[in-house]
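Let's take a walk through this structure together. Keep the 3D view open as you read, and turn it around whenever a new part comes up.

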Amino acid sequence: MLTDRWWKPLPNSSAATVLFNKGSSSAKISFGFGELKWQGKAALASTHNCLVRSVWDDGKEVGVFSDTFSAEVNGSAVFFAIISDCAA
């Protein structure tokens with residue numbers, strides 16, 4: 001597989017996520033918010049109405065998403081985001 005997804009839980013029921021495209025062409029990388037669990041505990045308060053912000057774009061809001069998130073990541077590039085403020 002030419003893509004990787006990494007994440008880490010953060011305080012206040014939020015998570016940092018990294019989507020890494022190791023290929024030479026652009027690729028759509030997706031994951032479900034329900035996958036973000038640490039030792040069996042959900043990292044997010046909910047999977048609904050979660051705010052996604054780009055870390056490398058000065059915290060620019062990418063949008064509000066429910067259940068899943070997808071990003072088109074250029075070849076040999078990374079998308080780094082914080083997911084927070086999900087509706088409880």
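Start with who touches whom. Take the contacts in the chain between residues at least 6 apart in sequence: 61% of them join residues at least 24 apart. Keep in mind that what you're looking at is a predicted model.

What does the chain's secondary structure come to? It's 0 helices and 9 strands, so to speak a plain run of β-β-β-β-β-β-β-β-β when you read along the sequence.

Now for the overall dimensions. The C-alpha trace spans about 40 × 30 × 20 Å along its principal axes. With 88 residues, a compact globule would have a radius of gyration near 12 Å, and the chain's 13 Å agrees with that. Of those 88 residues, 35% are buried. The accessible surface comes to about 5300 Å², and 51% of that belongs to carbon and sulfur atoms. As for charge, there are 8 positive and 8 negative side chains, with the centres of the two sets 7 Å apart.

Let's zoom in on the beginning of the chain. Strand 1 covers residues 3-10, and strand 2 covers residues 14-21. These two pair in the antiparallel sense over 8 bridges. If you want a spot to look at, find Leu10, which stands opposite Ser14 in strand 2. The two strands make a hairpin with 3 residues between them.

In the loop between strand 1 and strand 2 sits Asn12. Most residues other than glycine have a negative phi. Asn12 isn't a glycine, yet its phi is positive, at about 65°. Is Asn12 buried or exposed? With a relative accessible area of 76%, Asn12 is exposed, since the cut-off for that is over 50%.

Back on strand 1, have a look at Thr3. Its relative accessibility is 17%, so Thr3 counts as buried; the limit for that is under 20%. Leaving out residues up to four places away in sequence, Thr3 touches Phe20, Asn21, Lys22, Ala27 and Ile29.

Strand 2 deserves a longer stop. It's mostly covered, with 7 of its 8 residues buried. One residue to pick out in strand 2 is Ala15. Its relative accessible area is 0%, which means that Ala15 is buried. What does Ala15 touch, not counting residues up to four places away in sequence? Its contacts include Trp7, Lys8, Pro9 and Leu10, and also Leu36, Ala43, Leu44, Ala81, Ile82 and Ile83. For a sense of distance, try Ala15 and Gly34: they're 19 residues apart along the chain, and their C-alpha atoms are separated by 12 Å.

Thr17 lies in strand 2 too. At 3% relative accessibility, Thr17 counts as buried. Once its neighbours within four places in sequence are set aside, Thr17 is in contact with Trp6, Trp7, Phe31, Leu36, Phe79, Phe80, Ala81 and Ile83.

Some of those contacts take us towards the end of the chain, where strand 9 covers residues 77-84. Which way do strand 2 and strand 9 pair, and over how many bridges? They pair in the antiparallel sense, over 7 bridges. Look for Phe20 to see one of them: its bridge partner in strand 9 is Val78. Strand 2 therefore has strand 1 as a partner and strand 9 as well.

Just before strand 9 comes a loop, which follows strand 8 (68-73) and holds Ser76. Ser76 has a positive phi of about 55° although it's not a glycine. At 59% relative accessibility, Ser76 counts as exposed.

One more hairpin is worth finding. Strand 6 (residues 50-54) and strand 7 (residues 61-65) run antiparallel, joined by 4 bridges. To locate the pairing, look at Val52, whose bridge partner in strand 7 is Gly63. There are 6 residues between strand 6 and strand 7 in this hairpin, and Asp58 in the turn has a positive phi of about 55°.

Terms used. Residues numbered from 1 in each chain as written. Predicted model: local features only at pLDDT ≥ 70, side-chain atom pairs only at ≥ 80, totals over all residues. Heavy atoms only, no water. Rg over C-alpha atoms; globule rule 2.2 N^0.38 Å. Buried < 20%, exposed > 50% of the residue type's maximum accessible area, 1.4 Å probe, protein only. Contact = heavy atoms within 4.5 Å. Areas by Shrake-Rupley, 256 points an atom, 1.4 Å probe, with all protein chains shown as cover. Lys, Arg positive; Asp, Glu negative; His and termini not counted. Charge placed at Lys NZ, Arg CZ, Asp CG, Glu CD. Pairing = 2+ DSSP bridges.
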